[in-house]
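Here is a friendly tour of a few strands and a helix. Have the picture at hand and follow along.

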Amino acid sequence: GRTSSVSQLPTYLNGPCAALFTSLGPLVFCSFWWLGNKIGHQGLGASVQPQALLNTTTKKKAKLSIVSCCDMPEDVVYLILLCLPVISLLRFKSVCKSWCSLIQSSNFIAQHLNYRSTFKENYNGNLIIFHCQRKADYPRFPYSVDVNLFTDEKLEESLNLDLPYYCDRRGKYVDHRGDDNGSSIINLKMVASLDGIICLHHRESDEILLWNPAIKQLRLLPEGMLHPSRRRTHVGVHLGIGFDVKTNEYKVVRILLDDLNHTCRVEVYSLSTDSWRIINTDLPCDCFFSDPKAPLKSEIYCWLVRISNQTQDYCDSILTFDFSNELFGTIPLPDVCSIRYDVGSQLDIISGKIACICRKFSPVSSDTESCSSHNSNSTCHLDIWVLDKYGVKESWTKLYTIGPFSMFSPMGVLKNGELILLANNHGLFLCNPLTQEIKNIQVQGRPIQSQWSLHVASYKESLVSIEKWNGAANIEAFAGSHFSSTLP
């Protein structure tokens, strides 16, 4: 039995350590038993060095007497804890004070985030599917939000997450699990995901939320300094989230675009100060189309846009915002009709590079009208373009073309290159670009029919807290985890 096997363990694996290893399962237990012996005799080699993971400051903090609750070598305990999922670490905070202090330390949180990202480099990671919809058979609560978290690489196992309730700025109780008129639900949008933090935007109240579902934290951001004009229907709000590697803090950028006079106003929120600052800038765009639901290298957010003072009604450039220097930039798209004229083109990140997925309708000609016109019976191909060198238009490269398909809308790309597609009235599908094999993604809740209320983003669980953040105190901890991905 499980109890007898634990009692036969060496002395330093009894007590709290027994709970730790029991939770890992027999296979993982054997792996770490072997790992412990390797550490004791010859070390781990250059690729996985627990001592390298512990810098001088971290060692002092880690030596908050881990041995007081476990006689295992502290480096072994530290490495094992780094490998564990968030749900296990939250449990192990109750083992003893030293483990609780270690798991809550900014150094451990940063290294846990970086470790799981590095050593699961080829793993697709988790996927969040956010869907607002009407429930016809529930007259009292006709609207709902379904949040599906896929936890396996094949996207076959999912969890249904409940959005936490909160009080809005007016003191009104908001519960997105059910609503009598739908106003607080149908207008809720998932902006992006970064380091386990999901940014949400309520388009009617213009409230912005940060949510870490792994540690069950929700933060309502303060009201911005910029306010839409009275004719609010003509003002679009566009958001992005990123990490500033200079000040070591998370930030949110908010762009207010007035469709009537084609002017933009910009402000930036800093998590460390919990406040907004207005940025004086003159943006060259007057229409936003799509964004990748994640920043590039954690530092730069991108939007597919149309440059101002042009007569066309289609996208032609990428607008970028660097969170470190708080500057905007533009990158031209390839001179390809299928990208420029299809409003369904999707911006994404593939292997740390900006990518654009665009539809090419059949029949295709060089004529502008032929490229942009389509109906529900059209078939299409999907072209995937990647910007090999950041900021250089000539480095756009077409990776592959897949299809033909009946009406599909691209929603995103997984780490392994597989595409997430939405078929009209038929739900979500996963497409292998090499074999062109397509399989259905089983989503909990109501069938997905419209892309306008659907948002898909990669998700990586983390211990990053959004309740308390001190940029100065976290400089040493979080600098290493994000500097490794800094743009060239």
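S24 and S25 form a hairpin with six residues between them, and Gln436 in its turn has a positive phi of about 60°. Helices (H or I, at least four residues) and strands (E, at least two) are DSSP runs, numbered from the N terminus. This is a predicted model, where local features need pLDDT of at least 70, side-chain atom pairs count only at pLDDT 80 or more, and totals for chains, interfaces and linings use all residues. Residues are numbered from 1 along each chain as its sequence is written, and side-chain values use heavy atoms, leaving out hydrogens and water.

Now look at how strands join up. Two strands pair if DSSP finds at least two bridges between them. The table lists three antiparallel pairs.

| Strand pair | Bridges | One bridge partnership |
|---|---|---|
| S23 (residues 419-423) and S24 | five | Leu421 with Phe429 |
| S24 and S25 (residues 438-440) | three | Cys431 with Ile438 |
| S10 and S11 (residues 249-258) | 10 | Ile241 with Val252 |

Is S24 enclosed or open? Five of the five residues of S24 (residues 427-431) are buried (under 20% relative accessible area, 1.4 Å probe, protein chains only), so S24 is largely enclosed by the rest of the structure.

Next comes an open sheet, with four antiparallel strands in the order S10-S11-S12-S13. Its edge strands, S10 (235-244) and S13 (275-279), each pair on one side only.

Finally, find helix H5 (residues 74-83). Eight of its 10 residues are buried, so H5 is largely enclosed by the rest of the structure. Among these buried residues are Asp75, Tyr78 and Leu82.

Terms used:
Buried < 20%, exposed > 50% of the residue type's maximum accessible area, 1.4 Å probe, protein only.
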